[in-house]
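Student: I have a chain on my screen and would like to learn how to read it. Where do we start?

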Amino acid sequence: MSNTGIFAVTNTDSTTIEDGATAVRGPRVPRQRRWWLLGASLGVIIVSVAGTVGVVSVAWDREPMLQLVRDVSWGQPISDADVTTVDLDPGARRFVVADADRGRVVGQIAATNLRAGHLLALSDVTTQAVPAGGQQVIGVRLTLGRYPARGLAPNDPVEVVGLSESDSGATETVTGGARFRARVVQASLPDSEGAVVVDLLIDSSAAEQADAAAAGGALVKLLGPTR
């Protein structure tokens with residue numbers, strides 16, 4: 001049957017284009033370069049790199065500072081074996097002694113009771129020896145019940161009350177001038193009877209009362225902070 005006529009099919013396949021024919025293309029649109037996007041990307045990269053460098057610099061910018069490795073009681077000298085170093089931000093120099101300034105604290109006297117792990121500051125030490133001029137240290141034995149149950153610690157302010165023997169042989173509290181104030185330097189552990197020996201820092205003017213208390217016995221009262 002002929003394929004001519006109204007039922008004829010026209011082949012529109014592109015492969016039927018005759019040889020030598022030139023394909024028709026639309027006008028070429030120039031490609032626009034988005035320079036602002038490239039610039040923004042480079043800016044983000046630069047900021048990220050700078051931030052990373054800053055963080056790393058801060059992490060590595062450390063300085064050794066002094067820290068105690070064991071307790072040092074008030075009035076005791078700080079030795080080189082008492083301290084170690086810990087790396088901190090250099091800004092900590094405002095509060096902590098740097099290892100470079102070790103000589104400013106080692107060999108000095110603890111101005112208060114210092115505990116292991118404490119970061120050393122210049123205010124923690126003093127050049128004032130114990131005892132200083134015009135002072136004395138005297139040991140007094142205190143029997144059980146004549147000192148606070150919580151014990152006595154270095155630098156505790158106390159009042160010492162001397163005791164004496166009455167005619168009946170009982171120990172009584174002496175009134176009047178037998179009282180004096182002192183500061184605890186150190187105290188021994190209780191012996192088998194519960195008694196302790198306490199080293200007391202006194203003013204030389206109280207030496208007579210302190211001698212009597214050491215010879216005849218005493219009791220000690222812990223004082224609160226002075227205002």
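Tutor: With burial. A residue counts as buried when its relative accessible area is under 20%. Keep in mind that this is a predicted model.

Student: What percentage of the residues of the chain count as buried?

Tutor: Of its 227 residues, 26% count as buried. The chain exposes about 15600 Å². Carbon and sulfur atoms supply 54% of that area.

Student: How many helices and strands does the chain have?

Tutor: There are two helices and 10 strands. Read from the N terminus, the order is α-β-β-β-β-β-β-β-β-β-α-β.

Student: How do I read contacts along the sequence?

Tutor: Look at how far apart the partners are. Take contacts between residues at least 6 apart in sequence: 65% of them join residues at least 24 apart.

Student: Now the interior. Which residues have the most contacts inside the largest nonpolar core?

Tutor: They are Leu142, Leu152, Val158, Val160, Phe180 and Leu200, in a core of 19 residues. At least two residues each come from S5, S6, S8 (179–187), S9 (196–203), helix H2 (207–216) and S10 (218–222). Strand S9 gives the most, with four.

Student: What does phenylalanine 180 touch, leaving out residues up to four places away in sequence?

Tutor: Its contacts are Val158, Glu159, Val160, Ile202, Ala206, Gln209, Ala210 and Ala213. There is also a second, separate core of 11 residues, with Ile78, Ala110, Leu114 and Leu120 among them.

Student: Let's try a charged residue. Is aspartate 156 buried or exposed?

Tutor: Aspartate 156 counts as buried, because its relative accessibility is 10% and the cut-off is under 20%. Its place is the loop between strand S5 (135–142) and strand S6 (157–165).

Student: Which side chain makes a polar contact with the side chain of aspartate 156?

Tutor: That of arginine 150, at 2.6 Å. Beyond four places in sequence, aspartate 156 touches Arg150, Gly151, Ala182, Arg183, Val184 and Leu222.

Student: Last, the surface. Which residues make a nonpolar patch there?

Tutor: Leu42, Ile45 and Ile46 make one of about 310 Å². Isoleucine 46 sits in helix H1 (residues 35–60).

Student: Why does isoleucine 46 count as exposed?

Tutor: Because its relative accessibility is 58%, and exposed means over 50%.

Terms used: Residues are numbered from 1 along each chain as its sequence is written. This is a predicted model: local features need pLDDT of at least 70, side-chain atom pairs count only at pLDDT 80 or more; totals for chains, interfaces and linings use all residues. Side-chain values use heavy atoms; hydrogens and water are left out. Buried means under 20% relative accessible area, exposed over 50%, partly exposed in between (1.4 Å probe, protein chains only). A polar contact is a pair of N or O atoms within 3.5 Å; within protein, one must be able to donate a hydrogen and the other to accept it, and residues adjacent in sequence count only if both atoms are side-chain atoms. Contact means heavy atoms within 4.5 Å. A nonpolar core is a set of buried Ala, Val, Leu, Ile, Met, Phe, Trp, Tyr and Cys residues joined through side-chain atoms within 4.5 Å. Accessible areas come from the Shrake-Rupley method with a 1.4 Å probe; for residues, only the protein chains shown count as cover. Patches are made of residues with over 30% relative accessible area and no salt bridge: like charges are joined within 9 Å, nonpolar side chains (Val, Leu, Ile, Met, Phe, Trp, Tyr) within 5 Å. A salt bridge is a side-chain nitrogen of Lys or Arg within 4 Å of a carboxyl oxygen of Asp or Glu.
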